[in-house]
Amino acid sequence: MQEIIALLEKAFMEKGNGKVEMPPKPGIHTMPDAFIHAMPAFIPAMHSAGIKWVSGYPENYKRGLPYITGLLVLNDVETGIPYAIMDCIWITAMTTAAASALSAKYLARPESGTIGILACGVQGRTNLEALACLFPIKRAYAYDVLPEVQEKFIADISEKFEFEIVGVKEPKQAVVESELVVTSGPILKHPTPTIERDWLQQGAYGSAVDFDSYWSGAAMAQMDRISTDDHAQFQYYKSVGYFGQTPEPYADLGELVAGLKPGRQDEKERTLAINLGLAMDDMAVAPQVYRRAKEKGLGMWLPL
Ligand SMILES: NC(=O)c1ccc[n+]([C@@H]2O[C@H](COP(=O)([O-])OP(=O)(O)OC[C@H]3O[C@@H](n4cnc5c(N)ncnc54)[C@H](O)[C@@H]3O)[C@@H](O)[C@H]2O)c1
């Protein structure tokens with residue numbers, strides 16, 4: 001995770017300096033609240049070009065299937081020839097979390113030691129892991145609508161990490177107690193958000209992995225700083241009906257990393273990152289996955 005955060009930081013520096021090619025992702029929608037997105041990106045400094053074809057289906061758990069699935073294709077930057085195809089579940093789980101942690105590096109108080117995870121799925125796990133890489137976590141609060149999912153999460157996290165982990169019955173408790181808050185439930189186009197004004201403490205940082213599904217308009221209006229990962233993509237989502245009550249982000253993560261916009265300015269600011277997930281995040285990491293797999297003799301050669 002440390003290595004992935006570092007790769008993303010390098011990619012966001014390039015993006016901040018205008019050196020990444022990445023059109024906002026188009027998608028198709030075969031079911032309500034579901035998507036299949038095409039996510040291409042080219043990062044010249046990392047010799048990385050490719051596309052992720054990723055789907056998100058909120059009802060998949062009823063069939064025992066993952067919410068997020070898909071494929072990633074890497075292309076040679078000089079010939080365009082596709083040289084690797086890989087599953088994208090792991091890379092999406094890891095890079096999304098690394099982006100939350102990278103935003104937190106600029107927007108959270110470095111001494112933040114308490115964290116609330118609202119929704120204990122794949123993203124809940126990796127976001128906790130990523131934030132624990134950068135912050136001195138002493139206690140985590142976990143909430144999921146499904147008690148058995150919450151219990152399993154607590155058992156797994158307790159095995160992996162030293163810090164205390166507390167299960168809560170109400171989402172409010174996980175928010176009010178925490179200096180870092182991650183919401184990672186289903187993304188809904190017309191949500192009925194849970195988090196109200198004044199729940200997030202002064203000085204705390206939130207990462208809305210599930211867009212505005214968990215955060216009310218009043219809670220977001222109280223933020224001193226809201227960032228995103230790409231302005232154009234944020235505008236695209238707005239144009240198709242998301243983020244009805246979300247204030248305009250003042251900066252994107254590329255601008256923060258490249259020093260073009262300031263991060264947190266004082267101890268009391270409430271900050272929120274709404275990272276939508278960028279093709280660039282995956283293309284920053286996928287060539288490294290390919291190199292490692294090749295070194296270890298993993299995978300198989302396919303005819304083209
Ligand atoms: N922003 C991004 O870049 C990005 C990238 C990947 C995934 N996502 C989004 O993150 C979310 C989680 O994805 P995942 O792969 O972890 O899915 P997942 O199915 O593994 O986890 C979702 C969890 O949410 C729980 N849940 C449902 N409603 C809840 C509620 N109201 N409160 C608390 N818990 C609730 C479920 O029980 C489940 O444990 C999805 O909305 C997905 O689209 C965003």
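A pocket, as the word is used here, is an open set of grid points with protein on both sides within 12 Å along at least five of seven lines, and its lining residues have an atom within 4 Å of a point. With that in hand, welcome to this predicted model. The tour below starts at the second largest pocket, where β5 gives the most to the lining, with five residues. From there we move on to the ligand and its shell, and finish with two open sheets, one of five strands and one of eight.

**The second largest pocket**

- This pocket holds about 550 Å³ of space.
- Its lining counts 19 residues, and those nearest the centre are Y83, A84, I85, Y290 and M300.
- Two elements, β5 (82–87) and α9 (279–296), each bring at least two residues to this lining.
- In character, the lining splits into 16 nonpolar residues, two polar ones and one charged one.

**The ligand and its contacts**

- The ligand is surrounded by 23 residues, with Q123, D144, G185, Y214 and N275 the closest.
- For Y214, an N or O atom of the side chain is 2.6 Å from a nitrogen atom of the ligand.
- N275 takes part through its backbone, where an N or O atom sits 2.8 Å from a ligand nitrogen atom.
- V209 also uses a backbone N or O atom, placed 3.1 Å from a nitrogen atom of the ligand.
- On its own the ligand has 860 Å² of accessible area, and the protein covers 84% of this.
- Among the secondary-structure elements, α2 (89–107) and α3 (122–134) are the ones that give two or more residues to the shell around the ligand.
- The shell is made up of 14 nonpolar residues, eight polar residues and one charged residue.

**The five-stranded sheet**

- This open sheet follows the order β1-β2-β3-β4-β5, and its pairing is antiparallel.
- β1 (27–28) and β5 are the edge strands; each has a single partner strand, so one side of each has no neighbour in the sheet.
- The edge strand β5 is also the element that gives the most residues to the lining of the second largest pocket.
- Inside the sheet, β3 (residues 48–56) and β4 (residues 68–75) run antiparallel and are joined by eight bridges.
- If you would like a spot to look at in β4, find T69, which S55 stands opposite.

**The eight-stranded sheet**

- Here the strands of an open sheet are ordered β8-β7-β6-β9-β10-β13-β11-β12, with parallel pairing.
- The edges belong to β8 (164–167) and β12 (251–252), each with a single partner strand, so one side of each is left free of a neighbour in the sheet.
- β6 (residues 114–118) and β9 (residues 180–183) run parallel, with four bridges between them.
- L118 has T183 in β9 as its bridge partner.

Definitions and conventions
Residues numbered from 1 in each chain as written. Predicted model: local features only at pLDDT ≥ 70, side-chain atom pairs only at ≥ 80, totals over all residues. Heavy atoms only, no water. 1 Å grid on protein atoms, 1.4 Å probe; cavity = no way out; pocket = protein on both sides within 12 Å on 5 of 7 lines; lining within 4 Å. Points joined across faces, edges and corners; volume = space filled by probe spheres on them. Nonpolar A, V, L, I, M, F, W, Y, C, P; charged D, E, K, R; others polar. Near = heavy atom within 4 Å. Polar contact = N/O pair within 3.5 Å; in protein donor to acceptor, adjacent residues only side chain to side chain. Areas by Shrake-Rupley, 256 points an atom, 1.4 Å probe, with all protein chains shown as cover. Pairing = 2+ DSSP bridges.
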